[in-house]
Amino acid sequence: MIAALRSLGFAARFVSGYLHLADDDDDDRDTGGNTHAWVQVYLPGPGWVDFDPSSGMVGNQNLVRVAVVREPRGGTLQGTWIGSPSTMSP
């Protein structure tokens, strides 16, 4: 999608982060999120707009940005968990 947008003359970039999923119930609990990636395109007027081709979403609702880079290889995220396994789950 980035290559297609650029070939049409639009500025486009890769975004890496999380897709935050809220529980559909009314109890205000979160079900967590998933690591995720999507595209931003610069449009005259609104500026940078998020497009998530895998879910069909436009806009940043439920998308939590961690890295914004020109090319996907620059958005690799890695980390280390320090703690006991029991502190990772609710």
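In what order do the elements of the protein run from the N terminus on? The order is α-β-β-β-β-β, in a model that is predicted. Counted by type, the secondary structure comes to one helix and five strands.

The interior can be taken next. Of the 90 residues in the protein, 23% are buried. The largest nonpolar core consists of seven residues, namely Ile-2, Leu-5, Ala-12, Phe-14, Val-39, Val-41 and Val-69. Helix 1 (2–7), strand 1 and strand 2 (30–43) each give two or more residues to this core.

Ala-12, one of the core residues, shows how these parts meet. Leaving aside residues up to four places away in sequence, Ala-12 touches Ile-2, Leu-5, Arg-6, Gln-40, Val-41 and Trp-48. Among these partners, Ile-2, Leu-5 and Val-41 belong to the core as well. Across the protein, 46% of the contacts with a separation of 6 or more are between residues 24 or more positions apart.

The outside of the protein exposes about 6500 Å², and carbon and sulfur atoms supply 54% of that area. On the surface, Tyr-18, Val-64 and Val-66 form a nonpolar patch. Together these three residues have about 250 Å² of accessible area. Tyr-18 lies in strand 1, which covers residues 12–22. Is Tyr-18 to be classed as buried, partly exposed or exposed? Tyr-18 counts as partly exposed because its relative accessibility is 39%, and the range for that class lies between under 20% for buried and over 50% for exposed. Strand 1 therefore gives residues to the core and also holds Tyr-18, a member of the surface patch, whose 39% relative accessibility makes it partly exposed.

Terms used:
Residues are numbered from 1 along each chain as its sequence is written. This is a predicted model: local features need pLDDT of at least 70, side-chain atom pairs count only at pLDDT 80 or more; totals for chains, interfaces and linings use all residues. Side-chain values use heavy atoms; hydrogens and water are left out. Patches are made of residues with over 30% relative accessible area and no salt bridge: like charges are joined within 9 Å, nonpolar side chains (Val, Leu, Ile, Met, Phe, Trp, Tyr) within 5 Å. Accessible areas come from the Shrake-Rupley method with a 1.4 Å probe; for residues, only the protein chains shown count as cover. A salt bridge is a side-chain nitrogen of Lys or Arg within 4 Å of a carboxyl oxygen of Asp or Glu. Helices (H or I, at least four residues) and strands (E, at least two) are DSSP runs, numbered from the N terminus. Buried means under 20% relative accessible area, exposed over 50%, partly exposed in between (1.4 Å probe, protein chains only). Contact means heavy atoms within 4.5 Å. A nonpolar core is a set of buried Ala, Val, Leu, Ile, Met, Phe, Trp, Tyr and Cys residues joined through side-chain atoms within 4.5 Å.
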